[in-house]
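User: Please take a close look at one part of this protein, the second largest pocket and what surrounds it, and explain in connected prose how its lining, its neighbouring rings and the unusual backbone positions are laid out.

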Amino acid sequence: MQSLIHDLAIIGGGINGCGIARDAAGRGLSVLVAERDDLASGTSSASTKLIHGGLRYLEYYEFRLVREALHEREVLLRAAPHIIWPLRFILPHHRGLRPGWLIRIGLFLYDHLGGRRMLPGTRVLNLRKDPAGRFLRDDFRRAFEYSDCWVIDSRLVVLNARAAADHGAVLKTRCEVIAAKREAGLWELRLLDRESGEESTTRARALINAAGPWLEGVLKRIDNHGGGEHIRMVKGSHIIVRQLFDHDRAYIFQNADGRIIFAIPYEGSFTLIGTTDVDFQGDPATVSISRGEIDYLCQAASEYFLAPITADQVVSTFSGVRPLFDDGKSDAKAATRDYVLKLDGRAGEAPLLTLYGGKITTYRRLAETVLERLRPALPDMGPAWTAETPLPGGDFDPDNFPGEVAKLVQSCPALGQNLATRLVRSYGTLAGKMTAGLAAEALERPFGHELYPFEVDYLLENEWARSAEDILWRRSKLGLLFSPDQIAALASYIDRKKPPQRGEPLLPPEGAADAA
Ligand SMILES: Cc1cc2nc3c(=O)[nH]c(=O)nc-3n(C[C@H](O)[C@H](O)[C@H](O)COP(=O)(O)OP(=O)(O)OC[C@H]3O[C@@H](n4cnc5c(N)ncnc54)[C@H](O)[C@@H]3O)c2cc1C
């Protein structure tokens, strides 16, 4: 038995792999995504979670990237108002660092470069009067306040995966691509199912290497790959502390070393502080925060907050590796954040496209650019379509989030306000479908913190969750609250309930080659 021939095989189920899969499947291509671990288990769940233009990239003259990213903020906000929402940033003015006039010019560009319509523009704050000033040291009197957006990064990945699958894409998690070669004008991939240990083969007309920080390791597994370009791996870490301030705006602080860090309201009762920029070598799967990074982040935030932050306040941390294109810059923070696409393959050969760099913010545009580059090999694909189409559950007015929650509470009063809010934040309009006809007993025995079996079942069946970690750290952030006993109970429930991974449909070998 041989598998179907896919138009497109994608290595990596991060934001770029899943974003391309959604776009490609919606254009009528048959798509396979192979992800060696869980969706978003790489860099795409370790970001600062901002849909942003990147104010500081203006200093590096990255105007193309900033313009595209600023424009994407509102496109994505409209497409996924459940998991993306506007966030105001307070930038306290510090006389010793960048001068006020330079910041004003930067913010003027930021307000106007990307065609902003939904988000409010910049204003100046008097920190003596504004409540945000209460948490800062007395020497900060003035601040600038501007707009960007927040995103639940790992859910953005899963919603793209869901949309891709709804358009017919095959997504395989815990499935590693262990080898790839060109054979009779096609790509032939060897896949390893990491749960069962079974190996299989599949074929595709075009191959995308979206393995993020693992992309060079993947290139080594591809026969006759020319190579030449290199990745620059830059580690970034965050710390999470208990809530440091009681308003819903974020702070952006400039450090003496020229870097900036954010302090962002996080998951209701926490504050997220990050990030660092440190060159990284080794296996990205082993990345973790160092004591030096924890001290750096505590110290940098303590320069601004009235109450100093110390390492013993840190309740959790996470680190990720930026898979940047090595543009030869000596300073990690100056290396380009823009995406770079490298196409390999002579005319008539099955193409390989490798993705370097990029941002969560620009994933949708990256997907469009990738597919246009592959059009000569896949001429039957449809036109671009994702700019105006909501992601699953995102089909509601971004200004009416409270109305969506009220609707859910009305349809299922037993949920209560808190759970209904979390469900709408996670699933948008799909929360109504998930809870339709829910029996009262379904809300009697939570695993903890209002996580009930009905939601876990939904995640197992519809969102490729396979473990407690997938659910507690990527489909949600309930891991911040769960005790070890609660985690163990959830894990044993999952082991009993999880469905077998769905395989690919198989076809008989003869005459079936072009049936896909
Ligand atoms: C600290 C930090 C902060 C950031 N903050 C922001 C931000 O605020 N806003 C923003 O827009 N961007 C931000 N970024 C950038 C953004 O997170 C990344 O550009 C993006 O997540 C990269 O996605 P990806 O899909 O390319 O890679 P990944 O998410 O790493 O996905 C690659 C996937 O490939 C899989 N894989 C690897 N090898 C194989 C194989 N052989 N077979 C099958 N699968 C394989 C991996 O398991 C992984 O899941 C940040 C990055 C970092 C590190």
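Analyst: A residue is called buried here when its relative accessible area is under 20%, and exposed when that area is over 50%, with partly exposed in between. By that cut-off W464, with a relative accessible area of 14%, is buried, and this residue sits in the loop between α11 and α12. The model is a predicted one, and that should be kept in mind for what follows. The backbone at W464 is also worth a look, since its phi is near 60 degrees, a positive value in a residue other than glycine. Most residues other than glycine have a negative phi.

The pocket itself comes next. The second largest pocket has a volume of about 980 Å³, and of the 35 residues that line this pocket, W85, Y266, E267, G268 and R425 are the closest to its centre. The elements that give two or more residues to this lining are β5 (84–92), α4 (153–166), β14 (260–266), α9 and α12 (468–475). Of these, α9 gives the most, with 7 residues. Sorted by class, the lining of the second largest pocket holds 13 nonpolar, 10 polar and 12 charged residues.

Helix α9 (residues 416–427) also takes part in a contact between rings. Within it, Y427 forms a pair with Y458, which belongs to helix α11 (residues 453–462), so that the pair links parts of the chain 31 residues apart. The two rings meet edge-to-face, with 5.4 Å from centre to centre and 75 degrees between the planes; the angle is over 60 degrees, which is why the pair takes that name. Both partners are buried, because Y427 has a relative accessibility of 1% and Y458 has a relative accessible area of 14%, each under the 20% cut-off. A search of the whole structure finds 17 aromatic pairs, and elsewhere one aromatic cluster is formed by F135, F140, F245, Y251, F253, Y304 and F305.

R425, one of the residues closest to the centre of the second largest pocket, has a ring partner as well: its charged end sits over the ring of F401, 3.8 Å from the centre of that ring. A second arrangement of this kind involves R64, whose charged end sits over the ring of Y339 at 5.2 Å from its centre.

On the β5 side, P86 is placed in strand β5, one of the elements that contribute to the pocket lining. P86 is partly exposed, because its relative accessible area of 46% lies between the two cut-offs. The C-alpha atom of P86 is separated by 24 Å from that of E59, and these two residues are 27 apart along the chain.

Y266 and E267 also turn up in the description of an enclosed space. The search of the whole structure finds 1 cavity of 30 Å³ or more, and the largest cavity contains about 40 Å³ of space. Its lining is made of K49, W150, V151, I152, Y266, E267 and K477, which divide into 4 nonpolar, no polar and 3 charged residues. Y266 and E267 are thus named both in this lining and among the residues closest to the centre of the second largest pocket.

Two further backbone positions deserve mention. G274 and T275 are joined by a cis peptide bond with omega of about 15 degrees, and T275 is placed in the loop between β15 (270–274) and β16 (278–279). Most peptide bonds are trans. A184, in the loop between β9 (175–183) and β10 (186–193), has a phi near 50 degrees, again a positive value in a residue other than glycine. A184 counts as exposed, because its relative accessibility is 77%, whereas W464 is buried at 14%. In the loop between β10 and β11 (199–209) lies E198, which is likewise exposed, with a relative accessible area of 55%; its C-alpha atom is separated by 9.6 Å from that of C175, 23 residues apart along the chain.

Note on methods:
Residues numbered from 1 in each chain as written. Predicted model: local features only at pLDDT ≥ 70, side-chain atom pairs only at ≥ 80, totals over all residues. Heavy atoms only, no water. Phe/Tyr/Trp six-rings, centres within 6.5 Å; stacked < 30°, edge-to-face > 60°. Helix = DSSP H or I, 4+ residues; strand = E, 2+ residues; numbered from the N terminus. Buried < 20%, exposed > 50% of the residue type's maximum accessible area, 1.4 Å probe, protein only. Lys NZ or Arg CZ within 6 Å of the ring centre and 35° of its normal. 1 Å grid on protein atoms, 1.4 Å probe; cavity = no way out; pocket = protein on both sides within 12 Å on 5 of 7 lines; lining within 4 Å. Points joined across faces, edges and corners; volume = space filled by probe spheres on them. Nonpolar A, V, L, I, M, F, W, Y, C, P; charged D, E, K, R; others polar.
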